[in-house]
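Hi,

Here is the structure I promised to pass on. Have a look at it first, and my notes on what turned up follow below.

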Amino acid sequence: MLRRSPRSRSAGRSGTSGTDRPAGPATNAARGSLRLEHGFFDRFPAFLETSETSSFPWRLNLRHEAIVTAHAPAFVGARVLDIASHDGRWSMAALEAGASHVTGIEARPELVDQAEATFRSHDVPTDRYTVIRGDVFEVLAREDRAFDVVLCLGFLYHTLRHGELFARIRATGARQLIVDTEVHRSPDPLVRLATEHVDRQGNAVPDEFNRGVSVITGRPTLSALELLASSQGYALAGLSDWDGLLRDNPDADQVRDYRIGRRLTAAFTRERAGGPGDR
């Protein structure tokens, strides 16, 4: 369910294509079909109630296909970092996919509490997860932890500190980075600026640089995202097949941003090791 970006010439591949993707319990067994019969959030419906942000069944289940199922081999036995882990939905998905341990970082205390409560309710062993309350940048600056896979889902367009973020990700030693983000639709390497109020649960949180109740954020284009990643040694391996997911699930709703190309799911792999901060 991974397709190459037409602008990417990078070698390597982090997932499987729509034609050779193995059928899992959430998909139709027909070869090449991305029809979703039931999904992760049908098995964990509590996550439909634990957040105010985009808790729509079709949207979440299709995002799971694009984020987790498309890259399933990467999670097996992996140490996973979940940036801005929200209510723990993607941390739980990574654990179900076979991750050995997941560390979530989340700034909003009510979401940290909710994530931990949900893990407990599903009897997830406490040695398989850690949820750290704090600002992503502050936590990554002070913590010296190694990871195999980093999830950066729904976060890039809530900050303007993209260069710092990619540098911090590289310092973890992660070989794979999965990004799900809104993008500005332009072929050029641009970042479109905006402001966000910090009082909404799904928005940016205050940091040392903002004044008042608003934060300056930036929505990168895909080519800007590639440039930022490559500056830290990550190459675009491919884009999840949202065209196929939407084609084979025509009754899906609450996914217009993916349908019109304003949002995408991308996988990046580490090109090389070596240098300061590399593990």
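What covers the buried residues of α5? Keep in mind that this is a predicted model. The cover includes α4 (89-96), β3 (101-106) and β4 (129-133).

Since we're on that helix, let me stay there for a bit. The buried residues in α5 are Leu-111, Val-112, Ala-115, Thr-118 and Phe-119. Looking down the axis of α5, you find its buried residues within an arc of 130°, so they line one face of the helix. That fits the usual geometry: an α-helix has 3.6 residues a turn, so residues three or four places apart point the same way. On the face of α5 turned away from the buried side you'll see Arg-120 and Ser-121, which are exposed. The length of α5 works out too: at 1.5 Å a residue, its 13 residues (109-121) should span 18 Å, and the end C-alpha atoms are indeed 18 Å apart. Just past the end of α5, Asp-123 has a positive phi of about 55°.

Helix α2 (residues 57-67) is mostly covered, with nine of its 11 residues buried. Charged side chains are on that list: Arg-59, Arg-63 and Glu-65 are among the buried residues of α2, and so is Ile-67.

Ile-67 also comes up among the contacts of Ile-178, a residue of strand β6 (residues 176-182). Ile-178 counts as buried because its relative accessible area is 0%, against a cut-off of under 20%. Leaving out residues up to four places away in sequence, Ile-178 touches Ile-67, His-71, Phe-75, Val-149, Val-150, Leu-151, Cys-152, Leu-153, Thr-265 and Ala-266. Take Leu-153 from that list: 25 residues separate it from Ile-178 along the chain, yet their C-alpha atoms are 7.6 Å apart.

Now for the outside. Leu-160, Val-191, Leu-193 and Ile-216 make a nonpolar patch on the surface, and together they have about 340 Å² of accessible area. You'll find Leu-160 in the loop between β5 (149-153) and α7 (162-171). At 38% relative accessibility, Leu-160 counts as partly exposed.

Finally, some totals for the protein chain. There are 10 helices and 10 strands, and 55% of the 279 residues are buried. Of the contacts with a separation of 6 or more, 73% are between residues 24 or more positions apart. The accessible surface comes to about 12,300 Å², with 49% of that belonging to carbon and sulfur atoms.

Cheers

Technical notes
Residues are numbered from 1 along each chain as its sequence is written. This is a predicted model: local features need pLDDT of at least 70, side-chain atom pairs count only at pLDDT 80 or more; totals for chains, interfaces and linings use all residues. Side-chain values use heavy atoms; hydrogens and water are left out. Helices (H or I, at least four residues) and strands (E, at least two) are DSSP runs, numbered from the N terminus. The expected span of a helix is 1.5 Å times one less than its number of residues. Buried means under 20% relative accessible area, exposed over 50%, partly exposed in between (1.4 Å probe, protein chains only). The arc is that of the directions from the helix axis to the C-beta atoms. Contact means heavy atoms within 4.5 Å. Patches are made of residues with over 30% relative accessible area and no salt bridge: like charges are joined within 9 Å, nonpolar side chains (Val, Leu, Ile, Met, Phe, Trp, Tyr) within 5 Å. Accessible areas come from the Shrake-Rupley method with a 1.4 Å probe; for residues, only the protein chains shown count as cover. A salt bridge is a side-chain nitrogen of Lys or Arg within 4 Å of a carboxyl oxygen of Asp or Glu.
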